[in-house]
Amino acid sequence: MPESPLVVLVDGSSYLFRAYHALPPLTNTKGEPTGVTYGVINMLRRLEREYPDAHVAVVFDAKGPTFRHDTFAGYKANRPPMPDDLARQIAPTLELVRALGLPLLVIDGVEADDVIGTLACRAAARGDRVLISTADKDLAQLVDERVHLVNTMTNTVLDVAGVNEKFGVPPERIADFLALTGDTVDNIPGVPKVGPKTAAKWLQEYGSLDGVMANADKVGGKVGENLRDTLPALPLYRDLATVRCDVPLDIDPDNLNRAAPDRDALRALFTQLEFKSWLKEIEATAPAVAPGAAPAMAAEPLPALDRDAYETVLDLAALERWCERLAAADSFAFDLETDSLDAITARIVGVSFACEPGQAAYVPVGHDYPGAPDQLPAAAVLARLKPLLEADAPRTIGQGFKFDYTVLAQHGIAVAGPAFDTMLESYVLDSTASRHDMDTLALKHLGHTTITFKDVAGSGKSQITFNQVDLATATRYAAEDADVTLRLHRQFWPRIEAEPTLRRVFETIEMPLLPVLSRIERHGVLIDAALLRRQSGELAESMQRLEAAAYELAGRPFNLGSPLQIQQILYDEQKLPVLGRTPKGQPSTAEDVLQELALHYPLPRVILEHRGLSKLRSTYTDKLPAQVNPATGRVHTSYQQAVASTGRLSSSDPNLQNIPVRTAEGRRIRQAFIAPPGHKLLSADYSQIELRIMAHLSRDDGLCRAFAEGADVHRATAGEIFGVGSDGVTVEQRRAAKTINFGLIYGMSAFGLAQQLGIDRGAAQRYVDQYFARYPGVRAYMDATREQARERGYVETVFGRRLYLPDIRAGNAQRRQYAERTAINAPMQGTAADLIKLAMIRIDRWLRDNGEPARMILQVHDELVFEVPSDRADAVRAEVTALMTADNPLGVPLLVETGLGANWDEAH
């Protein structure tokens with residue numbers, strides 16, 4: 001018997017908010033927001049691919065009130081206004097839906113839920129199957145044997161059993177459930193203090209809302225009082241939460257047929273919104289489309305992703321067959337599964353690979369749960385893969401591949417290249433995107449929701465390691481990773497190839513740096529754990545003294561770690577001025593606010609000192625000794641390439657880049673980073689690198705001349721501003737000039753400068769005016785850069801790294817001004833990052849090519865730290881200095897300051 005027709009009803013309003021909150025903001029070069037439109041259309045395309053023969057409708061809420069507003073004046077009253085950048089994307093989204101040929105319903109005076117409910121009930125009544133695509137829990141009340149929900153948040157399908165499991169009540173009790181719990185989105189109050197568990201318990205016990213109301217006197221405690229107080233309103237709340245299935249509509253499910261796409265409209269919209277890959281796709285699609293057929297844009301050039309088609313490789317013959325296919329490919333995606341996130345000690349559990357989209361396999365080698373089938377030995381699998389991974393061709397593709405590279409290196413495999421990392425491809429294309437992990441990228445660029453690690457291994461205390469995951473589940477998860485990685489590469493690489501500057505950044509900076517960072521991480525740093533423990537005790541004593549001082553200043557004891565208690569002391573009791581507020585409107589105790597208060601009041605200063613010591617103790621002196629790897633006796637940090645939007649590296653587990661260098665306590669912690677016997681630590685630091693980059697970018701005569709002559713640029717600035725000869729500059733004047741030099745190139749205002757220097761705002765403004773009068777090229781560069789950023793939507797480093805500025809044309813002045821400051825300083829920070837990355841690549845190559853026993857062990861902003869045999873220290877220092885200043889693209893000299901010592905502080 002043929003299957004019943006399928007009707008797919010899309011909750012377009014749910015899609016809008018899903019795309020707005022789940023995806024990073026995107027804009028075109030005109031500064032128009034486009035991310036929501038892109039996300040909604042991506043999700044619709046995916047839905048069409050999965051249900052190509054279904055009747056379909058996309059339903060959006062119309063503007064204006066509905067009958068519920070007439071029934072209850074407070075309905076949706078507390079809902080904040082729609083964000084401007086979301087509201088601006090609704091019109092182009094609706095235009096695109098129409099241009100795709102999809103039936104679009106926006107019914108005045110009727111909510112989208114009621115339109116969906118009416119169509120769903122009509123279709124189900126005549127025997128059709130109905131799938132409602134939404135993340136709205138209200139629509140769960142429509143579920144029955146013919147109507148199911150597909151949740152756009154998780155891509156899971158809810159049937160009657162699924163609703164019961166999720167909410168604890170059957171679909172026909174969802175409106176009762178919402179009446180009790182309330183709905184903050186729609187401003188349905190519900191019963192105060194009644195949550196989902198209590199509501200489900202009552203409905204299970206008494207059968208319905210009417211049953212709960214009839215037995216309200218049996219419910220004890222405060223929640224019983226709340227229930228009885230709310231009894232008169234509960235029928236209204238249920239009515240508000242009930243989805244209507246009897247809305248007068250002139251359209252029936254039979255009329256929900258897709259039209260041929262309007263290619264001209266699609267072309268115009270894709271051009272306007274700058275959806276370049278979709279524009280190419282429609283240009284390449286044949287113009288003839290039969291009426292009623294799926295729109296051209298629904299045709300995905302890659303095969304649909306089918307997790308059940310992946311192969312589990314359990315014998316040598318299958319492995320050999322796959323290796324032959326990989327060897328014949330130009331490139332293949334590769335991914336490791338391990339039992340740990342510690343790359344130094346992780347044990348390989350399995351490997352996955354894909355050579356064509358949709359064609360992927362998983363080779364388990366270490367699953368050891370009870371009843372696990374026999375698997376190939378890890379050594380045999382790695383031995384067969386080793387020549388493929390170490391060859392120049394085929395080229396290896398990974399996602400976040402530094403981890404895999406390090407694990408493989410620990411197993412004696414030196415991957416050639418590797419050639420591509422999709423995380424870094426995404427990062428080079430748009431470093432301002434908040435996330436570059438595979439799950440985010442798959443949803444954003446492929447419209448695909450991946451299986452997450454939590455899906456297969458659980459979370460929290462019950463989470464298992466991957467070796468305990470059953471092979472069928474492991475294959476779907478691991479092979480999907482390889483398949484998705486390959487698909488992402490095929491999305492990203494043509495875009496990078498088309499931009500020569502981005503390709504240069506990717507091929508000459510980011511990818512060559514990956515193995516360098518892996519070698520730094522694997523070598524690790526040696527620490528004096530006993531010294532850190534002593535320092536921890538000393539910090540504890542200092543903190544106790546500061547606590548006593550704070551209690552005396554406050555007039556009573558309080559918790560210095562409690563923002564609420566600090567707020568009460570500073571603002572309620574001591575009546576200090578409120579200089580900032582939290583998002584909830586409370587007086588702020590954030591660090592920047594306390595720093596400003598500390599200029600005038602002693603208690604905030606003591607609190608800040610205590611906070612700083614507490615952070616040092618918890619982050620470093622207490623924690624570092626516990627992070628020594630027992631296998632190596634060293635601490636191994638992890639460097640992230642795709643976090644900071646400017647291109648700078650970040651460090652984690654532990655973060656070794658935030659140890660203060662300007663405080664005595666921070667310098668003492670650096671003393672615990674030591675050289676092994678017979679060695680010294682070498683520190684090499686670019687001097688005033690960002691000022692030198694500003695001189696290059698601005699071509700200001702005064703700045704360029706100072707650096708060309710090797711002058712002390714802060715002394716030169718002081719001389720210019722204060723009108724004295726360089727010999728007559730005082731220590732205080734040089735300090736002020738240093739603050740001005742660094743502050744103004746990062747957009748510091750006269751107000752901020754006044755705070756930094758402890759002077760009045762008028763004097764600070766005169767300093768600012770004098771600075772720009774003496775260095776007019778800097779002012780001209782700043783003005784030109786802001787204007788160029790507004791025109792292009794991005795700025796670039798000297799090497800072509802691109803930083804997009806979504807808010808550069810924002811209507812909100814604060815966001816726009818922040819983007820303008822970023823436009824000024826990002827090219828400097830990014831160029832500095834590129835310079836030191838290139839230096840690291842050159843130095844690493846020299847160390848390996850010459851068999852040099854020195855090791856690069858740390859990168860901290862503009863500084864590199866090396867572990868050097870004592871008898872090679874001077875020679876290595878000379879070569880490192882030469883390599884850090886080689887191939888200088890700046891119009892001013894680079895200067896590297898070096899130092900040697902038994903520990904990091906001494907070397908620095």
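These questions and answers cover helix packing, buried side chains and unusual backbone geometry in a predicted model.

Colleague: Are α21 and α34 parallel, antiparallel, perpendicular or oblique to each other?
Modeller: Helix α21 spans residues 500-523 and helix α34 spans residues 813-849. Their axes come within 9 Å and cross at roughly 60°. Angles from 65 to 115 degrees count as roughly perpendicular, and those under 35 as roughly parallel. The two helices α21 and α34 are therefore oblique.

Colleague: How many residues in the contact of α21 with α34 are charged?
Modeller: On the α21 side, the contact includes Glu510 and Arg519. On the α34 side, Asp834, Lys837, Asp844 and Arg848 are among the residues met. The contact also has 9 nonpolar residues and 1 polar residue. The charged count is 6.

Colleague: What is the handedness of the crossing of α21 and α34?
Modeller: The axes of α21 and α34 cross at roughly 60°. The crossing is left-handed.

Colleague: Is α27 roughly parallel or roughly perpendicular to α33?
Modeller: The axes of α27 (residues 689-698) and α33 (residues 776-792) come within 9 Å. They cross at roughly 75°. Angles from 65 to 115 degrees count as roughly perpendicular. That makes α27, relative to α33, roughly perpendicular.

Colleague: How many charged residues does the contact of α27 with α33 have?
Modeller: Met694, Leu697 and Ser698 come from α27. They meet Gly777, Val778, Tyr781 and Met782 of α33. By class, 5 are nonpolar and 2 are polar. Charged residues: none.

Colleague: How many of the 9 residues of α18 are buried?
Modeller: Helix α18 covers residues 438-446 and is mostly covered. Its buried residues include Met438, Lys444 and His445. The buried count is 8.

Colleague: Which residue has a side-chain oxygen that reaches the backbone nitrogen of Asp439?
Modeller: This contact sits at the start of α18. The oxygen comes to within 3.3 Å of that nitrogen. The residue is Asp437.

Colleague: Which residue follows α18 with a positive phi?
Modeller: Its phi is near 65°. The residue is Gly447.

Colleague: The side chain of His636 reaches the backbone oxygen of which residue at 2.6 Å?
Modeller: His636 lies in the loop between α25 and β13. It is buried, with a relative accessible area of 13%. Its side chain also reaches the backbone oxygen of Arg522 at 3.3 Å. At 2.6 Å, the partner is Glu521.

Colleague: Which proline is joined to Asp653 by a cis peptide bond?
Modeller: Omega of this bond is about 0°. Both Asp653 and Pro654 touch His636. The proline lies in the loop between β14 and α26. It is Pro654.

Colleague: Is Arg670 buried or exposed?
Modeller: Arg670 is in helix α26. It touches residues including Trp904, Asp905 and His908. Its relative accessible area is 4%, and under 20% counts as buried. Arg670 is therefore buried.

Colleague: Is Arg699 buried or exposed?
Modeller: Arg699 lies in the loop between α27 and α28. Its phi is positive, about 55°, although it is not a glycine. Its relative accessibility is 51%, and over 50% counts as exposed. So Arg699 is exposed.

Colleague: What is the relative accessibility of Glu274?
Modeller: Glu274 is found in the loop between α12 and α13. Its phi is positive, near 65°. Glu274 counts as partly exposed, at 24%.

Note on methods: Residues numbered from 1 in each chain as written. Predicted model: local features only at pLDDT ≥ 70, side-chain atom pairs only at ≥ 80, totals over all residues. Heavy atoms only, no water. Axes fitted to C-alpha atoms, helices over the stretch in contact; angles between N-to-C directions. Helix = DSSP H or I, 4+ residues; strand = E, 2+ residues; numbered from the N terminus. Parallel < 35°, antiparallel > 145°, perpendicular 65-115°, else oblique. Left-handed = near helix turned anticlockwise from the far one by under 90°. Contact = heavy atoms within 4.5 Å. Nonpolar A, V, L, I, M, F, W, Y, C, P; charged D, E, K, R; others polar. Buried < 20%, exposed > 50% of the residue type's maximum accessible area, 1.4 Å probe, protein only. Polar contact = N/O pair within 3.5 Å; in protein donor to acceptor, adjacent residues only side chain to side chain. Lists of a residue's contacts leave out its neighbours within four places in sequence.
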